[in-house]
Structure formats: C-alpha cells, structure tokens
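The following exercises concern salt bridges, open and enclosed spaces, and backbone geometry. Each task is followed by a solution in steps.

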Amino acid sequence: MNDNLIINFTPTGMIPTKNMTPHVPITASEIVEDVHKVSEIGITMVHLHARDEITGIPTYKKEVYAEIIEGIRKYAPELVICVSLSGRNFGELEQRADPLNLEGNLKPDMGSLTLSSLNFNKTASINSPEMVTNLAKRMKEKGIVPELEVFDIGMINYAKYLKKKAIIQAPYYYNLLFGNIACSQANLLHAGVMINDLPDSSYWSLAGIGNDQLMMNSLSIAIGGGVRIGIEDNIWFDAERTKLATNSELIERIHIIAKANNRKVMSPKEFRKKMNLAPGNGLYGRL
C-alpha cells in the first residue's frame with residue numbers, strides 16, 4: 001500500500017484530437033503549459049506522449065520530447081518525467097527507444113513498458129517478447145526506470161519473468177489499466193486479483209478508460225493506491241458526456257477526493273526517494 005497519493009498525470013495520449021476536444025494539448029508548448037498548470041495544483045509525475053507539431057500525429061522523435069522536457073524542467077526541475085515508448089504506431093526498436101537517447105537535463109526518469117501485445121477498440125499495440133525485453137534492457141543500460149503498464153494479469157506474470165532474469169529491478173512502479181475492451185474490466189474482482197499478484201517492493205496506480213476513469217481512480221484513492229489521470233484516458237468530465245474535461249479540472253477533482261479520504265499527494269521528491277531516482281534539479285534517472 002502506498003502512503004501518500006501518487007498522481008500520474010497523462011495529458012495527451014495518442015488518440016484525442018482537437019476535433020474530439022479543444023482541451024487536449026498537442027504541441028510542445030501546449031503540453032508544457034498544461035503540465036505547468038497541474039503541477040501548481042499538485043502532481044507526482046507526468047506520462048508524456050509527443051505529437052507532430054503540424055499534423056498532430058503521435059511521434060517517437062527525441063527532438064520533440066526534448067522540447068517538451070526542457071520546457072517542463074524550467075519550472076518543475078523535480079517533477080518525475082516518463083516518456084511513452086508505445087508500440088501502437090511504431091514497430092521498430094530504434095523508433096520506440098529514441099526518447100531514451102536523451103541525456104543530461106533532458107534525460108527522462110522513466111519510460112513506459114507495456115508488457116504484452118493487446119487490442120484496443122480499433123488498433124493493436126504490438127509488444128513482442130523480444131521488443132519488451134530489449135526496451136527493458138535499453139532502459140537498464142541507461143539508468144531509466146520502466147513504468148510497467150499492465151492491462152491484464154498475464155502482464156504481471158511477464159514482469160515477474162523479467163525480474164527473474166534481472167532485466168528489471170526493484171522498486172517497481174505499475175500502472176494497472178482497466179476498462180479496455182479486450183483486457184481486464186473495471187470491477188473490484190479484476191482490480192483485487194491484479195493488485196494481490198504484484199511483487200514485493202511495488203508501487204502502483206489504477207487507471208480507467210473512458211467513463212471508468214473516475215471509478216477506478218476513486219477506488220484506488222480509497223484503498224491506498226495511486227491514480228493515473230488525464231485526457232489521455234478520458235476526455236469527458238461527467239459520465240453523461242455533456243462536459244468536455246480540462247486536465248486541470250480532472251486533477252482538481254482528484255485532490256477533492258483525496259482530501260475526503262485523508263490522502264496527501266505524494267511529492268515528486270518523495271517518489272524519487274521511494275523509486276531510487278536521482279533528486280532532479282539536473283540529475284535524472286535511477287541512482
């Protein structure tokens with residue numbers, strides 16, 4: 001169980017477009033500004049996706065991530081930054097690993113690692129055993145911590161395999177995602193089984209897709225976990241889908257729920273200590 005509340009902020013993702021919601025940040029400057037706003041409200045870490053400035057299409061290019069990270073660290077030098085290494089649009093290792101090549105003040109602290117292939121509503125995320133292993137090895141070599149993304153219980157078992165092979169090492173951070181059409185659903189049984197199966201020395205957050213976001217976030221706050229929250233997973237503020245959410249509104253609501261449950265938000269500094277991360281302020285990644 002986590003003591004203070006990990007808030008993992010997911011501002012952009014790969015799916016939301018300006019046609020879907022004007023509130024999704026697409027350009028580097030928009031993403032930086034949104035992260036700035038919510039960091040003043042209070043978050044622990046940010047999970048970044050980069051987009052092409054002209055087309056808005058997701059990109060793996062480290063140069064775009066560099067612009068975003070540089071902008072964020074000008075005002076939040078301790079914030080924990082995770083870059084997406086998603087396989088939904090990109091199939092080559094060197095493409096997916098490109099953001100891991102950033103160094104110095106631009107080095108990400110973490111990189112996302114989805115632990116198996118899966119289907120979304122209209123697309124697939126292909127994560128072969130070789131790809132997952134190579135990404136994990138690349139992160140270990142560079143001192144970047146995997147953000148372990150789990151959509152069903154088999155992915156936890158694969159993380160244990162990577163642990164056994166000494167490809168990943170404790171402490172671990174897991175995002176447990178619920179409500180995707182082809183994966184674990186957003187209910188107490190699925191959540192309980194997955195949480196119970198996590199290895200020792202694990203920190204975890206619950207996420208819900210679409211209307212399931214608020215329920216899974218609320219559940220996690222109540223039982224001592226963290227939350228993954230942002231427009232990436234849900235563009236609506238209400239279940240009736242009458243109001244498009246801003247990222248700031250989503251974060252503010254999490255703070256209200258946390259306060260009602262006597263949960264304080266975990267600072268980036270505290271999370272860095274728990275995850276054996278460098279202290280920030282020019283030093284990033286795992287110690």
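A salt bridge is a side-chain nitrogen of Lys or Arg within 4 Å of a carboxyl oxygen of Asp or Glu. The model is predicted, with local features requiring pLDDT of at least 70 and side-chain atom pairs pLDDT 80 or more, while totals for chains, interfaces and linings use all residues. Residues are numbered from 1 along each chain as its sequence is written, and side-chain values use heavy atoms, without hydrogens and water.

**Exercise 1. Determine which residue forms a salt bridge with Asp233, and whether Asp233 is buried or exposed.**

Step 1. The partner of Asp233 is Arg228, with the closest N and O atoms 2.8 Å apart.

Step 2. Burial is judged by relative accessible area: buried means under 20%, exposed over 50%, and partly exposed in between (1.4 Å probe, protein chains only). Asp233 has 9% relative accessibility, so it counts as buried. Arg228 is likewise classed as buried because its relative accessible area is 2%.

Step 3. The pair belongs to a network of salt bridges that links Glu149, Arg228, Glu232 and Asp233.

**Exercise 2. Identify the parts of the chain that are joined by the salt bridges Lys62 to Asp98 and Arg138 to Glu94.**

Step 1. Helices (H or I, at least four residues) and strands (E, at least two) are DSSP runs, numbered from the N terminus.

Step 2. The side chains of Lys62 and Asp98 meet at 3.9 Å, N to O. Lys62 lies in helix H2 (residues 62-73) and Asp98 in the loop between helix H3 (93-96) and strand E6 (110-114), so the bridge ties together parts 36 residues apart in sequence. Lys62 is partly exposed at 26%, whereas Asp98 is buried at 12%.

Step 3. Arg138 and Glu94 form a salt bridge whose closest N and O atoms are 2.9 Å apart. This pair links distant parts of the chain, Arg138 being in helix H4 (residues 129-142) and Glu94 in helix H3, 44 residues apart. Arg138 is buried at 17%, while Glu94 is partly exposed at 48%.

Step 4. Across the whole structure, a search finds eleven salt bridges.

**Exercise 3. Describe the largest pocket and the largest cavity by volume and by the classes of their lining residues.**

Step 1. On a 1 Å grid over the protein atoms alone, a cavity is a set of points where a 1.4 Å probe fits but cannot get out; a pocket is an open set with protein on both sides within 12 Å along at least five of seven lines, and lining residues have an atom within 4 Å of a point. Volume is the space filled by probe spheres set on the points, which are joined across faces, edges and corners.

Step 2. The largest pocket holds about 920 Å³. Its lining comprises 36 residues, with Ile15, Arg88, Phe120, Ile209 and Glu232 nearest its centre.

Step 3. Ala, Val, Leu, Ile, Met, Phe, Trp, Tyr, Cys and Pro count as nonpolar, Asp, Glu, Lys and Arg as charged, and the others, Gly among them, as polar. The pocket lining thus has twelve nonpolar, 16 polar and eight charged residues.

Step 4. The largest cavity holds about 70 Å³, and its lining has seven nonpolar, four polar and one charged residues.

**Exercise 4. Locate the cis peptide bond from Ala170 to Pro171.**

Step 1. Omega of this bond is near -5°.

Step 2. Pro171 is placed in the loop between H5 and strand E10 (172-178).
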